[in-house]
Amino acid sequence: MANQSDAPVSILGLAQGILELSQVMTQYFQANNLVAPTFDLESQDPPNTSEYRRLHAALKTSLEDLQRLIDGPRKWLRIFCCTGYDLGALQVALDFDFFQLVPAHGEIHLDDLAAQAGLDIDRTTRVVRQLMTYRILEEHKHRVISHSSTSLVLHQDEELRAFVQYSLDEMLKAAADSNIALKAHPHETHQNLNPFVTRHGVGVFEYYKNHPDHGRRFATAMAVVRNIDRHLDSIVLDDGFNWSALQGTVVDCGGGNGHISKSLAEVCPLFLRSN
């Protein structure tokens, strides 16, 4: 998230702030007997505490602002708009089971990876090395591939793998047709007038009814939303808002597996309504 304050932003000022925040974050790890994340294969995810999330948000914002400044708007936009090409490489790797074919704690020659995946060696190599620019997969020996910490997570975590695949297969393709959907109906809003219908021909629920394999994958993916965003429960419940004073209806608009609604219902049983 970009810094929207009116204070002037400079390269040096951001760099100094990044150093200070990095020192504070390091002190946080040390004070809590935590191992700071690295690119080592066995490096663990950072903690999900409120203090770490606060430090993470501040540091990430400064890092993103610094990159925008040193790139300049033209170069930054050029790089940003090419992200879809890199995501295409990730989609290919997932669909051809690259992450499953690379042994968890071993290695595989590119020729063998291509043969087992059923893809020609040229494009297998291109996809792998494009992903390596994001530290996804490693090539410590020439043409011999092993896992990075990021690709190992995709190898081991079926739920995360499902989340990435459904995001690329269904949602990213639909998002690419957003302009088409809005131009077709620029002044009309309806649940079936959206980019998903424009791309896939039917709404989300009908699509998953027609494609049960993708429906199962979507359901699996929602578990990741629950695990990664579990802190949102406390934000919703502890932000000082008096939910029990509401006289109307609270609507869950979706985007997870209902965990926030469940938490609200436990605090305010009147919200719980059976269909």
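A nonpolar core here means a set of buried Ala, Val, Leu, Ile, Met, Phe, Trp, Tyr and Cys residues joined through side-chain atoms within 4.5 Å. Keep in mind as you click around that this is a predicted model.

**Stop 1: the cores**

Start by selecting Leu90, Phe98, Phe99, Leu131 and Leu137. In the largest nonpolar core, which has 23 residues, these five touch the most other members. Now colour the helices that feed this core: α3 (83-95), α4 (98-101), α5 (110-117), α6 (121-132) and α8 (158-175) each put in at least two residues. Which helix gives the most? That's α3, with four residues.

Next, zoom in on phenylalanine 98 and show its surroundings. Leaving aside residues up to four places away in sequence, Phe98 touches Ala93, Leu113, Ala117, Leu119, Thr124, Val127 and Val128. There is also a second, separate core, made of ten residues; select Ala162, Ala221, Met222 and Val225 to see some of its members.

**Stop 2: a nonpolar patch outside**

Switch to a surface view and pick Val9, Ile11, Leu69 and Ile70. These four make up a nonpolar surface patch, together showing about 340 Å² of accessible area. Click on isoleucine 70, which sits in helix α2 (residues 50-81). Is Ile70 buried or exposed? Its relative accessible area is 55%, so isoleucine 70 counts as exposed.

While you're on α2, select arginine 68 and aspartate 65. They form a salt bridge, and their closest N and O atoms are 3.4 Å apart. Both sit in helix α2, three residues apart, which means about one helical turn separates them. The two ends differ in cover: arginine 68 is partly exposed at 31% relative accessible area, whereas aspartate 65 is buried at 9%.

**Stop 3: the little sheet**

Go back to cartoon and find the open sheet of three strands, ordered β1-β3-β2 with antiparallel pairing. The edge strands are β1 (108-109) and β2 (138-141); each has a single partner strand, so one side of each has no neighbour in the sheet. Look at where β2 runs against β3 (residues 144-146): this antiparallel pair is held over two bridges. Select glutamate 138 and look across to β3, where serine 146 is its bridge partner.

**Stop 4: salt bridges around the sheet**

Side chains of opposite charge can pair when their charged atoms come close. This structure holds ten salt bridges, and a couple are handy from here.

Show lysine 141 and glutamate 107 as sticks; their side chains meet in a salt bridge, 2.8 Å from N to O. Lysine 141 is in strand β2 and glutamate 107 is in the loop between α4 and β1, so this pair ties together parts 34 residues apart in sequence. Lysine 141 is partly exposed at 45% relative accessibility, and glutamate 107 is partly exposed at 44%.

Then move to arginine 143 and aspartate 111, whose side chains meet in a salt bridge at 3.5 Å, N to O. What does this pair tie together? Arginine 143 lies in the loop between β2 and β3 while aspartate 111 lies in helix α5, so the link joins parts 32 residues apart in sequence. Arginine 143 is partly exposed at 22% relative accessible area; aspartate 111, at 40%, is partly exposed too.

**Last stop: a network**

Finish by selecting Asp169, Glu170 and Arg217, which are linked in a network of salt bridges.

Notes
Residues numbered from 1 in each chain as written. Predicted model: local features only at pLDDT ≥ 70, side-chain atom pairs only at ≥ 80, totals over all residues. Heavy atoms only, no water. Buried < 20%, exposed > 50% of the residue type's maximum accessible area, 1.4 Å probe, protein only. Contact = heavy atoms within 4.5 Å. Patch = residues over 30% accessible without salt bridge, like charges linked within 9 Å, V, L, I, M, F, W, Y side chains within 5 Å. Areas by Shrake-Rupley, 256 points an atom, 1.4 Å probe, with all protein chains shown as cover. Pairing = 2+ DSSP bridges.
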